[in-house]
Amino acid sequence: MTIDGPVVTNHKLYAASPTGKSLTLASYVSYNKDYGYAEQPPTATGYSTTNWHAPAYSNSKSSQLSKADRIEPAGKDMHDEFNTSDANPNNDGYRELIQKPVTGFSDPPNIARFRMYNQASLKVLVSQTTVGANPPTQTVTILGHDNNPVDPAVAAKVVDALGMRSSIYDRREQQNVSVTPIDVSKFNAAVLEMNTAANPDSKFNGIVYFSDVSPDGNKRAFRLENGAQLPTTEKPVDSPPNVRGFTVATDGGMYIKGDYNTSGSQPVPSAVMADAVMILSNNWTDSNASNPLHGVDDPMNPSTTLPGTQRNATATTVQTAIMAGTIPTGYDPTPNDPYNGDNYGPSGGAHNFPRLLENWTGVPFNFKGSMVQLFTSTMFTGAWATGDNYSPPNRNWSSNPDFAKHPSPGLFSFTTYSRGPWHRN
């Protein structure tokens, strides 16, 4: 495996590969913690250090690897606002980026300005109830940037892009998840409709926020489908980032089904932000979700499986930035000691950050973008394991250098200075 983009962590960094495999770091690598960098995996992962070896460096270890100060992803001011000991639920950490602000409590300005819910020009709230209704009733509320209902013509097109919420089994979570499908190919109609508005604040800014506010306590998620071509307001590569791009955020989970952002020669600046991000291949079928990885035994011939019951992946390409949570090594779900237990064992490492649910053996998963982990998942807390959950793909991964010029909408902020002459008044 070769990582051609930069690797940055505000904590310890472990980089190693097992005997017979190789890991090459091609760009700069930085870590922060005083007790430093280890090229062998820690004991808590359960891996024997005798079977692992240090990575290779394209240039040299001394020129690429360094200890660095913390890099605050949304500015130091935001980090300084965090406080988990007070009564305010709106300042508890970086997961605030994907959460709606809790009403009745202050939303600190330095957090509020980066909160994806506050930045989004479309806020899609889905609620479904099964009480006294068969089939269940689904209500969709669509708000604009100002938290007022959007134009009815825009709302109709957004609703047209949404499917009915339904339960899908997630092998890693070991339970059903309530999933609302999003047909990305239909979203462009809503974008075009928004951009006919006379008020500039009513136009699409590239950010959509989704939340399932159903009254039940189910794990909930959305699923991006038919996303080979993303909606944008302009096509040219050199279009300004604020009018070109597509960022999707949610406080729940997000599944990406099939090829995403692959249309055309240049991917659209894109980001997917969620409690956890799960990749489903082009071959994914909901009806097989709860089946064993390699299929259901044929009752007439127990030595074989019924055709078409396997969770077999096919080649899939995803080009986007991913910001999501993870379950750290040694995670303990008990509230009083969340990070020091051994209940969950290893986290799976950075190469398992995008969660998989299929048999990917020998199948390429092509990824181009970046991966950002800022918090621990609070909804999708299933332990990492391969086994019957998934088998690893051939990972053809690379960074997207165009992000430096055209970042995805939202989250990023820049301050520029222009030097000019002094004048005495």
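**Group meeting talk: loops, charges and rings in a predicted model**

Hi everyone. Let me start at the surface, with Gln174: this residue is exposed, with a relative accessible area of 52%. You will find Gln174 in the loop between β11 and β12 (175–183). Its backbone caught my eye, since Gln174 is not a glycine and still has a positive phi of about 60°. For those of you who don't look at backbone angles every day, most residues other than glycine have a negative phi.

Before I go on, please keep in mind that this is a predicted model. The mean pLDDT of the chain is 87, and 87% of the residues reach 70 or more. Which stretch has a pLDDT that stays under 50? That would be residues 414–418, for which the model has one contact beyond four places in sequence. Where pLDDT is low, the predicted coordinates should not be read in detail.

Back to the backbone for a moment. Asn147 also has a positive phi, near 70°, and is a residue other than glycine. Asn147 sits in the loop between β10 (137–143) and α5 (152–160). Is Asn147 buried, partly exposed or exposed? Its relative accessibility is 38%, so Asn147 counts as partly exposed.

Now to the strands. There is an open sheet of six strands, and if you walk across it you meet β11, β12, β14, β16, β18 and β22, in that order, with mixed pairing. The edges belong to β11 (166–170) and β22 (355–356); each has a single partner strand, so one side of each has no neighbour in the sheet. Let's look at the β22 edge. β18 and β22 run parallel and are joined by two bridges. If you want a residue to click on, take Met278, whose bridge partner in β22 is Arg355.

On to the charges. How many salt bridges does the structure hold? There are 17. I'll show you a few of them, beginning with Arg95 and Asp275, whose side chains meet in a salt bridge with 2.9 Å from N to O. Why does this pair tie together parts that are so far apart in sequence? Arg95 lies in the loop between α2 (76–81) and α3 (109–112), while Asp275 lies in the loop between β17 (270–274) and β18 (276–280), so the salt bridge connects parts 180 residues apart in sequence. Both ends are tucked away: Arg95 is buried at a relative accessible area of 10%, and Asp275 is buried at 0%.

The next charged group is a network. Salt bridges link Arg165, Asp212, Asp216 and Arg220. Focus on Arg220 here. One of its partners is Asp216, with 3.1 Å from N to O. Another is Asp212, where the closest N and O atoms are 3.8 Å apart. As for their surroundings, Arg220 counts as buried at 11% relative accessibility, and Asp212 is buried at 5%. Asp216, by contrast, is partly exposed, with a relative accessible area of 27%.

Let's turn to the rings. A pair of aromatic rings is described by the distance of the centres and the angle of the planes. Searching the whole structure turns up eleven aromatic pairs. Take Phe204 and Phe246, a tilted pair with 6.4 Å centre to centre and 40° between the planes. This pair links distant parts of the chain, 42 residues apart: Phe204 is in the loop between α6 (187–194) and β13 (207–212), and Phe246 is in strand β15 (residues 246–250). Both Phe204 and Phe246 are buried.

How do Tyr255 and Phe380 meet? Their ring centres are 6.4 Å apart and their planes stand at 75°, so the pair is edge-to-face. Again the pair links distant parts of the chain: Tyr255 belongs to strand β16 (residues 253–257) and Phe380 to the loop between β23 (364–376) and β24 (394–399), 125 residues apart. Tyr255 counts as buried at 5% relative accessibility, and Phe380 is buried at 0%. Phe380 has a charged partner too, as Lys219 lies over its face, at 6.0 Å from the ring centre.

Two last things to find on screen. Phe204 and Phe246 belong to a cluster linked by ring pairs, together with Phe187, Phe210 and Phe222. And Lys123 has its charged end over the ring of Tyr117, 4.3 Å from the ring's centre.

That's my tour, thanks for listening!

Note on methods
Residues are numbered from 1 along each chain as its sequence is written. This is a predicted model: local features need pLDDT of at least 70, side-chain atom pairs count only at pLDDT 80 or more; totals for chains, interfaces and linings use all residues. Side-chain values use heavy atoms; hydrogens and water are left out. A salt bridge is a side-chain nitrogen of Lys or Arg within 4 Å of a carboxyl oxygen of Asp or Glu. Helices (H or I, at least four residues) and strands (E, at least two) are DSSP runs, numbered from the N terminus. Buried means under 20% relative accessible area, exposed over 50%, partly exposed in between (1.4 Å probe, protein chains only). Two strands pair if DSSP finds at least two bridges between them. pLDDT is the predictor's confidence in each residue, from 0 to 100. Contact means heavy atoms within 4.5 Å. Rings of Phe, Tyr and Trp (its six-membered ring) pair if their centres lie within 6.5 Å; planes under 30 degrees apart count as stacked, over 60 as edge-to-face and the rest as tilted. A charge sits over a ring if NZ of Lys or CZ of Arg is within 6 Å of the ring centre and within 35 degrees of the ring normal.
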